[in-house]
Amino acid sequence: MHIDCQTTPAQYKHWRLEIDGQQATLWLDFAEDGGLMGGYELKLNSYDLGVDIELADALQRLRFEHPTVKVCVLRSAKARVFSAGANIRMLAGASHAHKVNFCKFTNETRNSMEEASESSGLKFLAAVDGACAGGGYELALACDEILLVDDGTSSVSLPEVPLLGVLPGTGGLTRVVDKRHVRRDRADVFSTTEEGIRGKRAVEWRLVDQIAPRSGFDAAVAAKVEALALASTRPNQGAGVLLPPLERTVTEDALTYPHLSVEVDRTAGTARLTLSGPTATPPAEAAALHAEGAASWSLAAARALDDAILQLRMNDPEIGVWLLETQGDPALVLSHDAFLASEAAAGDWLAAEIRHYWKRVFKRLDVTSRSLVALIGPGSCFAGLLAELAFASDRAYMLIGGLEGDNRPEATMTLSTSNFGAMPMANGLSRLATRFLGDPESLAAAEASIGEAMDAEAADACGLVTFAYDDIDWEDEIRVFLEERASFSPDAMTGLEANLRFAGPETMETKIFARLTAWQNWIFQRPNAVGPEGALQRYGSGQKPNFNKTRV
């Protein structure tokens with residue numbers, strides 16, 4: 001089945017987006033018969049990947065199409081239930097690869113809510129009426145505040161351990177202790193209590209921020225919205241930018257967008273992603289950027305790259321190596337990059353949102369379980385923000401000079417201020433700061449070279465590429481590398497790359513993607529979870545799971 005992560009509000013099956021002045025309400029109303037894969041029902045607002053695809057789209061539209069919305073309220077349209085979390089039948093029947101992609105996309109979507117609050121001032125309130133369990137509570141945890149109905153039955157819970165034999169692995173445990181600062185012993189009790197916690201105890205244990213009686217719940221929601229709106233930095237007026245469907249052509253072995261082409265070689269197990277730089281100078285002022293809207297290179301290219309990453313992730317799991325290339329004029333890339341950070345765009349919400357979007361796209365690349373290789377050859381434009389493609393890669397190869405018969409300009413690399421903090425990784429550091437961890441002199445030398453068009457030998461001397469080869473060795477070295485990569489275990493490569501990409505400080509975000517996702521994926525393959533007598537297989541059957549008691 002081909003999975004497409006593009007949608008529009010008119011196609012939503014599970015969410016209702018309502019806009020009322022500075023408030024948006026995202027109503028959870030998941031269609032029971034609207035499962036993405038089929039073979040299960042999304043009862044009690046339980047969700048699958050299709051639900052999260054719609055949520056991710058709604059969040060993007062709030063950021064770009066509704067810039068004056070200051071607070072988004074998540075609220076259930078179903079009586080006495082917020083969300084029962086990830087659909088268990090879906091998890092029990094899905095392939096391991098699908099479960100991994102589902103968990104990763106869910107993580108990225110929840111993280112984007114927190115990033116929207118921190119970077120853009122879009123605040124989130126979970127208005128919880130009824131049962132809020134598992135992934136449903138994890139959705140609430142991603143919000144700035146949680147308001148719970150105090151009716152004796154409404155509760156929050158992470159019941160995966162007692163019910164499913166797995167753990168709350170899409171950020172639940174991490175957010176409980178790292179974000180909400182719940183005591184470890186209380187978190188232990190909470191996460192092993194099937195029925196969850198309600199009322200005053202939920203507030204005392206910091207699991208929710210406030211409770212309100214049913215009779216006063218709407219008034220409490222309104223008061224919370226007003227308070228959160230005061231903390232928002234979003235503009236009070238101004239029109240948004242519409243996000244039309246992407247222009248793209250999808251075939252069995254290729255994806256084509258106006259600024260990006262993807263070619264898949266199934267025999268070699270590679271995908272070649274070539275991102276084209278702009279062909280015109282940037283707008284002179286913010287008003288012109290708004291007039292260009294979604295057609296502007298900086299926004300259109302980010303949308304294309306984001307979609308291509310997801311298309312390859314979801315639909316081509318056997319394509320293990322991605323070759324990242326660029327083509328275009330480095331000076332034009334730098335001019336667009338500089339405009340987004342310029343005084344002319346200072347204080348403009350759209351310029352800021354485009355930069356934040358690039359930041360999220362590069363983060364999505366960081367956590368993609370594929371070998372990433374930057375090939376910096378003739379006519380390339382690894383400059384400014386597009387240089388981040390090289391720094392996100394596991395290796396970067398750069399050509400010294402040109403190739404015989406190729407009249408394109410010699411490859412160069414040029415850094416900008418965007419490479420030194422504007423595009424942080426999940427660890428909170430720039431990719432160059434992560435690259436030169438423990439080596440401040442090299443980082444300072446790289447920063448001192450901002451604006452300098454470095455050839456391959458200069459970039460190699462500065463530590464910006466892995467290897468620099470001339471035309472005699474270029475093709476052979478790349479071929480040998482690709483053949484070697486193809487001979488390695490994909491599991492070993494996934495573990496190797498994920499461990500090496502996030503040097504430096506551990507953050508809530510790196511915990512979610514590294515530790516929790518790894519443990520959850522391991523547990524999801526264990527017989528205690530997915531075996532014929534495992535918890536996921538016997539869930540709802542009336543039979544207790546039969547656990548192998550060996551601690552591993």
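Tutor: In this predicted model, helices (H or I, at least four residues) and strands (E, at least two) are DSSP runs, numbered from the N terminus. Leu122 falls in the loop between helix H3 (96–120) and strand E7 (123–128).

Student: Why is Leu122 called buried or exposed?

Tutor: Buried means under 20% relative accessible area. Leu122 has 0% relative accessibility, so Leu122 counts as buried. The C-alpha atom of Leu122 is separated by 5.8 Å from that of Val71, a residue 51 positions away along the chain.

Student: What makes the phi of Leu44 worth noting?

Tutor: Most residues other than glycine have a negative phi. Leu44 is not a glycine, yet its phi is positive, at about 55°. Asn45 likewise has a positive phi of about 55° without being a glycine. Leu44 belongs to the loop between strand E2 (23–28) and strand E3 (46–47), and Asn45 is found in the loop between E2 and E3 as well.

Student: Which of the words "buried" and "exposed" applies to Leu44, and which to Asn45?

Tutor: The cut-offs are under 20% for buried and over 50% for exposed. With a relative accessible area of 52%, Leu44 is therefore exposed. Asn45, at 0%, is therefore buried.

Student: How do you know whether strand E17 is enclosed by the rest of the structure?

Tutor: The residues of E17 (residues 371–376) are counted against the burial rule. In this strand 6 of the 6 residues are buried, so E17 is largely enclosed by the rest of the structure. In a regular strand the side chains alternate between the two faces of the sheet. Here Ser371, Val373 and Leu375 point one way, while Leu372, Ala374 and Ile376 point the other way, and all are buried.

Student: What makes E16 and E17 a pair of strands?

Tutor: Two strands pair if DSSP finds at least two bridges between them. Strand E16 (residues 321–327) is joined to E17 by 4 bridges, and the two run parallel. The requirement of at least two bridges is met, so E16 and E17 pair. Within this pairing, Leu323 stands opposite Val373. E17 is also joined by 4 bridges to strand E19 (residues 395–399), again in a parallel arrangement, with Ala374 opposite Ala396.

Student: Why is the contact of Arg364 with Glu108 called a salt bridge?

Tutor: A salt bridge requires a side-chain nitrogen of Lys or Arg within 4 Å of a carboxyl oxygen of Asp or Glu. The N to O distance between Arg364 and Glu108 is 2.6 Å, so the pair qualifies. The pair links distant parts of the chain, with Arg364 in helix H13 (residues 349–366) and Glu108 in helix H3, 256 residues apart. Arg364 counts as buried at 13% relative accessibility, and Glu108 is buried at 11%.

Student: How do you know what separates Glu497 from Arg501 along helix H19?

Tutor: Glu497 and Arg501 are 4 residues apart in H19 (residues 490–501), which means a separation of about one helical turn. The closest N and O atoms of their salt bridge are 3.8 Å apart, and the limit is 4 Å. Glu497 is buried at 3%, and Arg501 counts as buried at 9%.

Student: What makes Arg479 and Asp476 a salt bridge, and are they buried or partly exposed?

Tutor: Their N to O distance is 3.6 Å, which meets the 4 Å limit. Both residues lie in helix H18 (residues 474–487), 3 residues apart, about one turn of the helix. Partly exposed covers the range between 20% and 50%. Arg479 has 41% and is therefore partly exposed; Asp476 has 43% and is therefore partly exposed. The structure holds 38 salt bridges, and a network of them links Arg63, Glu115, Glu353, Lys359 and Arg360.

Student: Why is Lys99 said to lie over the face of Phe524?

Tutor: One condition is that NZ of Lys be within 6 Å of the ring centre. Lys99 is placed over the face of Phe524 at 5.6 Å from the ring centre, so the distance condition is satisfied.

Student: What makes Trp522 eligible for a surface patch?

Tutor: Patch residues need over 30% relative accessible area. Trp522 is partly exposed at 35%, so the area condition is met. Trp522, which lies in helix H20 (residues 508–523), forms a nonpolar surface patch with Trp519 and Val552, with about 370 Å² of accessible area together.

Note on methods: Residues are numbered from 1 along each chain as its sequence is written. This is a predicted model: local features need pLDDT of at least 70, side-chain atom pairs count only at pLDDT 80 or more; totals for chains, interfaces and linings use all residues. Side-chain values use heavy atoms; hydrogens and water are left out. Patches are made of residues with over 30% relative accessible area and no salt bridge: like charges are joined within 9 Å, nonpolar side chains (Val, Leu, Ile, Met, Phe, Trp, Tyr) within 5 Å. Accessible areas come from the Shrake-Rupley method with a 1.4 Å probe; for residues, only the protein chains shown count as cover. Buried means under 20% relative accessible area, exposed over 50%, partly exposed in between (1.4 Å probe, protein chains only). A charge sits over a ring if NZ of Lys or CZ of Arg is within 6 Å of the ring centre and within 35 degrees of the ring normal.
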